[in-house]
Amino acid sequence: MIPTMPAFAALTGPLPKLGVVVLAALAAAALLTGDRRRRALAVAGALVLSPVLLLTAIWNSPQLGVVHRHPPYAVIAAAVAIVALCLAARWLMPRFYLIGPLAVLALPFRVPIQAGGATSNLLVPLYLVVAVGAVAWLWSAARGGEAGFQSPQSDGSAGWAVWVERLLALVIVLYGLQAIYSSDFERALQNMVFFYAPFTLLYVLLRSVEWTPQMVRRCLLVLVGLALIFAVIAYAEYATKTIILNPKLVVTNDYHTYFTVNSVFFDPDIFGRFLALVMILLAVLLLYPRPAREQAAVVIVLAALWVALVLTLSRSSLGALLVGLAVLAALRWRPTRALYIAVAVLVVGAIAVAATPRTFGLNQGINGASSGRGGLVSGGVSLFADRPIWGYGSGSFETEYRRHHRATATSLSASHTIPVTVAAEQGLIGELAYLGLVLAAIVCLVRRARGDPVRSALAAAFVALVFHTLLYADFLEDPMTWSLLAVGVSLAVAGRAAPAPAARRPRTAVGT
């Protein structure tokens with residue numbers, strides 16, 4: 001094997017830490033600056049620096065073996081890839097409205113990549129869409145044409161939307177700075193280049209789109225189509241008792257009487273989250289005047305997705321679905337009515353749990369019923385208590401949990417409760433920024449959304465996603481978070497206040 005190239009060997013020292021900080025600053029600048037030229041420079045810098053840092057993380061992975069053995073061919077392949085990227089961007093420029101459907105189409109698909117001795121399931125198709133979209137965006141900026149692009153920075157009249165973007169930038173910058181002293185810097189670097197930086201660019205691109213009813217309809221149809229395809233795959237898995245991904249899930253199913261499906265997703269909980277969010281976005285069509293035939297089709301689709309959701313056995317996803325539906329009801333009718341319904345559902349659920357505790361695993365105690373997550377949460381709280389101000393550094397939860405609690409679980413990566421993970425890794429500094437972002441985002445999406453089916457659906461889906469992160473992992477590591485925020489903030493800035501229900505025509509609802 002040819003020795004590592006000197007340029008990349010140099011990056012194994014302190015330079016990656018500086019690179020992460022610079023990348024975080026560039027991402028924040030892309031969110032905050034109102035000057036078109038400066039924003040373009042920030043986007044270009046993040047677009048170039050991200051793959052450089054990525055190469056430092058996966059340089060010794062098996063996927064790059066051919067690069068080590070044949071450097072000239074690797075250079076040629078890189079040149080061809082850049083040319084193809086530019087050609088795709090040139091094609092996209094006059095059709096930039098397609099960036100929304102293309103991003104939605106790429107959202108769920110993951111490719112296993114080995115990095116840092118572990119295999120991560122990365123959103124490679126989405127990265128390609130973001131790269132092409134960013135180059136098209138930059139090309140348009142360089143030529144001085146608007147081409148339908150809007151500033152991602154909210155204007156002064158946008159209110160809470162401004163704070164959403166400011167707090168997003170703050171969270172990213174803090175994560176980059178707190179990666180410097182992290183006991184697991186490699187994971188922090190990977191999170192920055194795999195998630196935070198590319199998803200920031202995704203946010204900028206989606207904020208640049210004019211979200212007309214037709215655009216919303218296209219994206220919803222793509223989401224529903226994907227969800228149905230994934231549901232059919234899940235049915236096939238259950239019928240054949242075969243898992244196409246995740247060998248660990250195969251072993252788990254072999255040891256239990258139940259069978260959990262995951263479709264094309266590595267994790268059943270992530271599959272369940274995706275289904276729950278799509279169902280919430282689709283369910284809004286039943287709450288507003290629509291043609292009877294269309295609502296009948298919606299009911300059939302919801303039933304098909306519901307069966308797939310049940311087969312995931314994801315209790316966190318079922319809870320997220322209920323929370324999202326409750327928010328939809330509260331934004332459609334009086335909140336008190338939605339509250340009564342929610343209380344009734346909780347009472348029925350409590351009776352069911354009390355009658356059959358073994359079904360829900362409560363006979364094993366809280367830790368057993370939560371698949372060991374109770375111990376992870378308590379361990380994360382103890383880590384926070386040790387360093388309450390600045391924490392142990394970005395991405396350090398797994399390393400510090402193992403060191404302090406002598407854990408041996410191979411799947412440990414987070415507390416499965418995002419606020420606890422943030423508190424342990426980043427202390428009060430990061431926790432306050434995270435809480436501020438969540439509160440600002442919810443207020444921004446919910447405010448003046450009553451009676452507007454599009455904004456109501458986005459707000460309900462985001463609240464459901466936040467609830468899911470309280471029982472599982474991945475908040476800003478999930479592109480759905482950034483996508484919901486981008487579209488929701490865009491509509492809030494555009495002032496899509498709904499007219500009175502009596503004056504609303506059916507075409508203004510979601511799906512038109």
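A residue counts as buried when its relative accessible area is under 20%. Keep that cut-off in mind as we walk through this structure, which is a predicted model.

Let's start at Gln426, which sits in helix α20, spanning residues 418-446. Is Gln426 buried or exposed? Its relative accessibility is 7%, so Gln426 counts as buried. And what surrounds this side chain? Setting aside neighbours within four places in sequence, Gln426 is in contact with Leu174, Tyr175 and Gln178, and also with Ile389, Trp390, Gly391 and Ser394.

Now move to helix α2, which covers residues 15-32. Its 18 residues reach 26 Å from the first C-alpha to the last, close to the 26 Å expected at 1.5 Å a residue. Which residues of α2 are buried? They are Pro16, Gly19, Val20, Leu23, Ala24, Ala27, Ala28, Ala30 and Leu31. As you look along that list, it helps to recall that an α-helix has 3.6 residues a turn, so residues three or four places apart point the same way. The partners of these buried α2 residues are three helices: α3 (36-58), α8 (160-178) and α9 (185-207).

Helix α9 then leads us to another pairing, this time with α6 (residues 99-106). The two helices pack at an angle of about 145°, and their axes lie 9 Å apart. Their crossing is left-handed. On the α6 side the contact is made by Ile99, Gly100 and Ala103, while α9 contributes Leu202, Leu205 and Leu206. By type, the residues of this contact divide into five nonpolar and one polar, with no charged residue.

How values were computed. Residues numbered from 1 in each chain as written. Predicted model: local features only at pLDDT ≥ 70, side-chain atom pairs only at ≥ 80, totals over all residues. Heavy atoms only, no water. Helix = DSSP H or I, 4+ residues; strand = E, 2+ residues; numbered from the N terminus. Buried < 20%, exposed > 50% of the residue type's maximum accessible area, 1.4 Å probe, protein only. Contact = heavy atoms within 4.5 Å. Expected span 1.5 Å × (residues − 1). Axes fitted to C-alpha atoms, helices over the stretch in contact; angles between N-to-C directions. Left-handed = near helix turned anticlockwise from the far one by under 90°. Nonpolar A, V, L, I, M, F, W, Y, C, P; charged D, E, K, R; others polar.
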